[in-house]
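Ready to practise reading a protein model? Work through the exercises below one at a time, and try each task before you look at its solution.

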Amino acid sequence: MAVERTLSIIKPDAVAKNVIGKIYSRFESNGLKIVASRMIHLSRSEAEGFYAVHRERPFFKDLVEFMMSGPVMVQALEGESAVAKNRELMGATDPKKADKGTIRADFAESIDANAVHGSDSLDNAKIEIAYFFPSMEVYSS
Ligand code: UDP
């Protein structure tokens, strides 16, 4: 196992539900440390740029609209196997299919308003962290 960093976003639905602290608490109690964080209301070009890999998917337009619908909380998380650990804590993309006790099972409504984003690989984590944070603003533990 290795110490990794991953990018997490608390999406507009979860920010509006006032559960940032509850979600942070799940990270912290599962060995993930918040090493950078900022609240941001994404512009269209920022949301489109972040999800550029999904540009051809049928849900792209709605996904971008949703991500622009309110502020999001963006954080870099650090810990042992952080990429996989965060994905495990998040649960499946569709909250109806997410395991009990996961963030999406507990806080998400639907596949398109699903509370959190998490990098799906170490390579993408590096790209996504750099998208939001200059390296000087990520504080290693
Ligand atoms: N998404 C959607 N409809 C779908 C599949 C995905 O709205 O049928 C959205 C959903 O918000 C998801 C995001 O697109 O979180 C990115 O999709 P991905 O397959 O990468 O899922 P994730 O990695 O977020 O679990």
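**Exercise 1. Find the residues that surround the ligand, then look for polar contacts.**

Step 1. The ligand is surrounded by K11, H54, F59, L63, R87, T93, R104, I111, D112 and N114. A residue is listed as near a molecule if one of its heavy atoms lies within 4 Å of it.

Step 2. Now look for polar contacts, that is, pairs of N or O atoms within 3.5 Å. A side-chain N or O atom of K11 is 3.0 Å from an oxygen atom of the ligand. For R87, the side-chain N or O atom is 2.8 Å from a ligand oxygen, and for T93 the distance is 2.6 Å.

Step 3. Taken alone, the ligand exposes 500 Å², and the protein buries 81% of that. These areas come from the Shrake-Rupley method with a 1.4 Å probe.

Before you continue, two notes on the model. Residues are numbered from 1 along each chain as its sequence is written, and side-chain values use heavy atoms, with hydrogens and water left out. The model is predicted, so local features need pLDDT of at least 70 and side-chain atom pairs count only at pLDDT 80 or more, while totals for chains, interfaces and linings use all residues.

**Exercise 2. Which residues of helix α5 are buried, and what covers them?**

Step 1. Helices are DSSP runs (H or I, at least four residues), as are strands (E, at least two), numbered from the N terminus. Helix α5 spans residues 82-90, and its buried residues are A82, V83, N86, L89 and M90. Buried means under 20% relative accessible area, exposed over 50%, and partly exposed in between (1.4 Å probe, protein chains only).

Step 2. Seen down the axis of α5, these residues fall within an arc of 135°, so they line one face of the helix. The arc is that of the directions from the helix axis to the C-beta atoms. A useful rule: an α-helix has 3.6 residues a turn, so residues three or four places apart point the same way.

Step 3. The cover over the buried residues of α5 includes β1 (3-10), α2 (20-29), β3 (72-80), α6 (103-107), β4 (116-118) and α7 (122-132).

**Exercise 3. Is T102 buried or exposed, and what does T102 touch?**

Step 1. Locate T102 in the loop between α5 and α6.

Step 2. T102 counts as buried because its relative accessibility is 7%.

Step 3. Leaving aside residues up to four places away in sequence, T102 touches R26, E88, L89, M90 and G91. Contact here means heavy atoms within 4.5 Å.

**Exercise 4. Describe the surroundings of H117.**

Step 1. The unreviewed UniProt entry carries the annotation "active site" for H117. Such annotations may be inferred rather than shown by experiment.

Step 2. H117 sits in strand β4 and is buried, with a relative accessible area of 11%.

Step 3. Again not counting residues up to four places away in sequence, H117 touches L7, S8, I9, K11, F50, Y51, N86, M90 and E128.

**Exercise 5. Where does a positive phi turn up in residues that are not glycine?**

Step 1. Recall the background: most residues other than glycine have a negative phi.

Step 2. S81, in the loop between β3 and α5, has a positive phi of about 45°.

Step 3. A115, in the loop between α6 and β4, has a positive phi of about 70°. A115 counts as buried, at 0% relative accessibility.

Methods
A polar contact is a pair of N or O atoms within 3.5 Å; within protein, one must be able to donate a hydrogen and the other to accept it, and residues adjacent in sequence count only if both atoms are side-chain atoms.
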